[in-house]
2 protein chains.
Amino acid sequence: MQELEERIRMDGRIYPGNILKVDSFLNHQVDITLLDHIGAELYRLYQDAGVTKILTIEASGIAIATAAAYHFQVPFVFAKKSRSANIGTDVYTSKVHSYTYGLDYPITLSRKYLNSSDTVLIVDDFLANGKAMDGMLDLCRQAGARVAGIGICIEKGFQPGGEELRSRGYRVTSLAVIDQMGEDGITFRSQPEQH
Amino acid sequence: MQELEERIRMDGRIYPGNILKVDSFLNHQVDITLLDHIGAELYRLYQDAGVTKILTIEASGIAIATAAAYHFQVPFVFAKKSRSANIGTDVYTSKVHSYTYGLDYPITLSRKYLNSSDTVLIVDDFLANGKAMDGMLDLCRQAGARVAGIGICIEKGFQPGGEELRSRGYRVTSLAVIDQMGEDGITFRSQPEQH
């Protein structure tokens, strides 16, 4: 998605340890126009996939899911990162490893909001090692839901998550894939089918 | 907002301890049509207030902020509930007391995304004791930003947050105010100016 790539080049900031900060427009402050275009692009790519529900994980995924849901006109649901005192006990649970914090954390999703009649588009802002995505796929497996695909804003193509998911047969659609980044700037993967 | 009140009556569930769960349509699974109408109503009420930015706090507030931003066509920003390793050090910080978890937690907001040129509409899904709102108002005070008002989906009118904020002079607009809830159902406060 050219608009997203251009925005990353213009406003993304690269830090040591392969950290890319896009918090001026995507996951802290959010540019609603860009966000809407992301939702529109995910719809363009998955409009024929029979999607009945958008799934994401809190927190920054919620903005992406909202924008996607606007275009698909289906409900979205977000997995929670810790067992809330108010969520009840009737939940699917999984575990996600966070490299940022060096620990595993539980994620939960109420059984009421995902089941075997659902066809799910999973969305998130970033895909790197894919651990959060593994957790969400596990929730879908427990629910018996069909996974239409995985829609990502920014994939770090030099980390293994995307390739692992594709090799397992999932349709992974990353609107921008970074093959390399560093002092010389950012190299995006060419994805002609999306242009 | 009649549509929201009707939805709460139909799908909200009441539990001991004045807990109202609306997780089938507002803060776990989200009905995108209702959410869009919430954004439209906040815009109707604040369209002349000169709003330059929507502010909320993760996680469930992000959906409300996205819908509001769609209608205002301004950026939104969400305060984070813990110091992320990736957020940097140039942040406003405050503390919020959680009655649900019985502890204080820090909230942060990058200084880059809120400043004295901003006029802010603060939004959230719930207002009860108002502790999260106090934290967000403290962030606005540190930024020197003007607060146009506070837009809430559901206010628990029998808890002190809303009245305290109004007595401090803030414009608080709660789309549904619950004066009483229990086994007999829910009593909403009449708010003729919003109909």
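Student: Which residue takes a positive phi just after helix 3 of chain A?

Tutor: Bear in mind that this is a predicted model. The residue that follows helix 3 of chain A with a positive phi of about 55° is A:Gln73, and the value deserves a look since A:Gln73 is a residue other than glycine. A:Gln73 belongs to the loop that runs between helix 3 and strand 5 (76-79) of chain A.

Student: Where in chain B is B:Asn18, which has a positive phi although it is not a glycine?

Tutor: B:Asn18, with a phi of about 55°, sits in the loop between strand 1 (13-15) and strand 2 (19-21) of chain B. Its relative accessibility is 33%, and because the partly exposed class lies between the 20% and 50% limits, B:Asn18 counts as partly exposed.

Student: How should I read helix 3 of chain A itself, and what span should its 12 residues have?

Tutor: The check rests on a rise of 1.5 Å a residue, by which helix 3 (residues 61-72) of chain A should span 16 Å; the C-alpha atoms at its ends are 16 Å apart, so expectation and model agree.

Student: How many residues of helix 3 of chain A are buried?

Tutor: A residue is called buried when its relative accessible area is under 20%. In helix 3 of chain A, 11 of the 12 residues meet that description, so the helix is largely enclosed by the rest of the structure. Among them are A:Gly61, A:Ile62, A:Ala63 and A:Ile64 at one part of the list, and A:Tyr70 and A:Phe72 at another.

Student: Which peptide bond is cis in the stretch before that helix, and where does A:Ala59 lie?

Tutor: The cis bond joins A:Glu58 and A:Ala59, with omega of about 5°, and A:Ala59 is placed in the loop between strand 4 (53-57) and helix 3 of chain A. In chain B, a cis peptide bond likewise joins B:Glu58 and B:Ala59, where omega is about 5°, and B:Ala59 is in the loop between strand 4 (53-57) and helix 3 of chain B.

Student: At what angle do helix 2 and helix 3 of chain B cross?

Tutor: The axes of helix 2 (residues 32-46) and helix 3 (residues 61-72) of chain B come within 8 Å and cross at roughly 55°, which makes helix 2 of chain B oblique to helix 3 of chain B. The crossing of these two helices of chain B is right-handed. Helix 2 of chain B contributes residues including B:Leu35, B:Ile38, B:Leu42 and B:Tyr46 to the contact, while helix 3 of chain B contributes, among others, B:Ala63, B:Ile64, B:Ala67 and B:Phe72. By character, the contact residues divide into 11 nonpolar, 2 polar and 1 charged.

Student: Is the crossing of helix 1 and helix 2 of chain A left-handed or right-handed?

Tutor: The crossing of helix 1 and helix 2 of chain A is left-handed. The contact is formed by A:Glu3, A:Leu4 and A:Arg7 of helix 1 of chain A with A:Leu34, A:His37 and A:Ile38 of helix 2 of chain A, a set that divides into 3 nonpolar, 1 polar and 2 charged residues. The axes of helix 1 (residues 2-11) and helix 2 (residues 32-46) of chain A come within 10 Å and cross at roughly 145°.

Student: Finally, is A:Ser98 buried or exposed?

Tutor: A:Ser98, placed in strand 6 (residues 91-98) of chain A, has a relative accessible area of 9% and is therefore buried. Leaving aside residues up to four places away in sequence, A:Ser98 touches A:Leu103 and A:Tyr105.

Conventions:
Residues numbered from 1 in each chain as written. Chains lettered and ligands numbered in written order. Predicted model: local features only at pLDDT ≥ 70, side-chain atom pairs only at ≥ 80, totals over all residues. Heavy atoms only, no water. Axes fitted to C-alpha atoms, helices over the stretch in contact; angles between N-to-C directions. Helix = DSSP H or I, 4+ residues; strand = E, 2+ residues; numbered from the N terminus. Parallel < 35°, antiparallel > 145°, perpendicular 65-115°, else oblique. Left-handed = near helix turned anticlockwise from the far one by under 90°. Contact = heavy atoms within 4.5 Å. Nonpolar A, V, L, I, M, F, W, Y, C, P; charged D, E, K, R; others polar. Expected span 1.5 Å × (residues − 1). Buried < 20%, exposed > 50% of the residue type's maximum accessible area, 1.4 Å probe, protein only.
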